[in-house]
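Work through the exercises below with the sequence and the model side by side, and try each task before you read its solution.

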Amino acid sequence: MTTSTLVLAGTRTNERLGAVLVAAFLGLGLVFMAGFAPAMALHNAAHDFRHTQNFPCH
Amino acid sequence: MIIRLVSAALVAGFLAAVVASGLQFALTSPLIIAAERYETQASTTAPHFASLVVRVHGGHDHGTKDPAVNGGEVAPEWQPGPGLPRMAFTALATLVGGVGYALLLGAVLLACGREPTPETGLRFAIAGFLAVALAPALGLPPELPGMEAAPLAERQFWWVMTAAATAMGLYLIALRRSTIAIAGGLVLLVAPHLAGAPETSHAASALPAGYAAQFAARSLGIAFVFWAVIGLAYGWAWTLFGRKATAHA
């Protein structure tokens with residue numbers, strides 16, 4: 001009983017940790033792309049959004 | 001769990017992008033375009049200075065400059081055409097940014113062990129607004145094109161440090177709550193501003209100050225609405241997808 005509860009809690013913690021890491025990685029990637037990516041084409045496409053959301057821009 | 005988180009973030013990012021794009025088109029885009037007109041005027045009256053500035057910025061232009069100002073030898077960088085294409089790319093960037101912020105919000109909620117509901121979502125979203133919008137704006141006010149400023153890398157570095165320190169400080173104060181955590185949190189909140197942001201320019205500009213002031217206020221207002229919708233919608237969508245999953249099981 002005790003063991004199965006522990007195992008269950010263990011997998012749930014791992015699943016949660018995995019989800020947190022994947023979401024954080026994806027989220028940072030998207031925010032970087034929209035707000036910071038130095039490529040000129042990306043900068044020009046996101047230009048007005050960057051100014052409005054106060055990302056440092058050129 | 002990750003699928004539920006990503007689905008909820010997509011929904012929240014989309015809804016927030018719809019609202020924020022509408023506000024941007026109505027409130028800030030006209031100011032940006034007006035400011036670009038002043039920038040163009042300045043560059044045509046002072047061609048030497050303008051060509052220098054353009055080189056420093058890596059051939060950057062806002063689509064309204066005369067191509068001759070680029071010296072003619074550099075191919076103009078791709079940029080969306082004026083009008084509808086430009087609005088479409090602004091909306092797309094808002095969507096990408098909104099989904100990104102929603103994913104980060106979801107990750108933080110999960111990491112802090114909070115069940116996402118519209119209420120907790122909104123609370124954490126307000127913290128997000130404080131961390132990435134208000135705190136950086138205290139040192140680096142939202143700028144219109146053509147307002148000269150410190151080098152980009154310095155400002156980006158300060159922005160990221162301030163956002164991270166503010167987020168950490170708010171976490172210590174609001175969730176840890178021990179005396180020592182609150183003291184540490186206050187230090188983290190204040191430190192980036194004591195260290196000082198890269199200096200904003202005090203150079204005179206042809207841009208009317210009213211435009212700049214209006215833009216700064218509207219920009220922060222839109223950022224707040226953007227975050228509020230992300231938080232509320234994320235909590236709502238997370239609950240919705242959870243109910244569906246249990247109904248199927």
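**Exercise 1: the fold of chain B**

Describe the order of the helices and strands in chain B.

Solution. Read along the sequence, chain B shows the pattern α-α-α-α-α-α-α, which amounts to 7 helices and 0 strands, where helices (H or I, at least four residues) and strands (E, at least two) are DSSP runs numbered from the N terminus. Before going further, note that this is a predicted model, in which local features need pLDDT of at least 70 and side-chain atom pairs count only at pLDDT 80 or more, while totals for chains, interfaces and linings use all residues. Residues are numbered from 1 along each chain as its sequence is written, and chains are lettered from A and ligands numbered from 1 in the order in which they are written.

**Exercise 2: where the chains meet**

Find which helix gives the largest share of the side of chain B that touches chain A.

Solution. Start with the contacts, which are pairs of residues whose C-beta atoms, placed from the backbone, lie within 7 Å: 46 residues of chain B are in contact with 30 residues of chain A. The elements of chain B that give two or more residues to this side are α1 (2-45), α3 (84-111), α4 (118-139), α5 (152-176) and α7 (209-248). Of these, α3(B) provides the largest share, 15 residues.

**Exercise 3: a glycine in α3**

Decide whether G106(B) is buried or exposed, and list its partners.

Solution. G106(B) has its place in helix α3 of chain B. A residue is buried if 20 or more other C-beta atoms, placed from the backbone, lie within 10 Å of its own, exposed if 12 or fewer, and partly exposed in between. G106(B) counts as buried because it has 32 C-beta neighbours inside 10 Å. Leaving aside residues up to four places away in sequence, G106(B) touches A23(A) as well as L5(B), A8(B), A9(B), P116(B) and Y234(B).

**Exercise 4: the nonpolar core**

Identify the helix that gives the most to the largest nonpolar core.

Solution. A nonpolar core is a set of buried Ala, Val, Leu, Ile, Met, Phe, Trp, Tyr and Cys residues joined through C-beta atoms within 7 Å. The largest one has 52 residues, and those with the most contacts inside it include A9(B), L105(B) and Y234(B). Both chains take part, since α1 (2-35) and α2 (40-45) of chain A and α1, α3, α4, α5 and α7 of chain B each supply at least two residues. The helix sought is α3(B), with 13 residues.

How values were computed. Contact = placed C-beta atoms within 7 Å.
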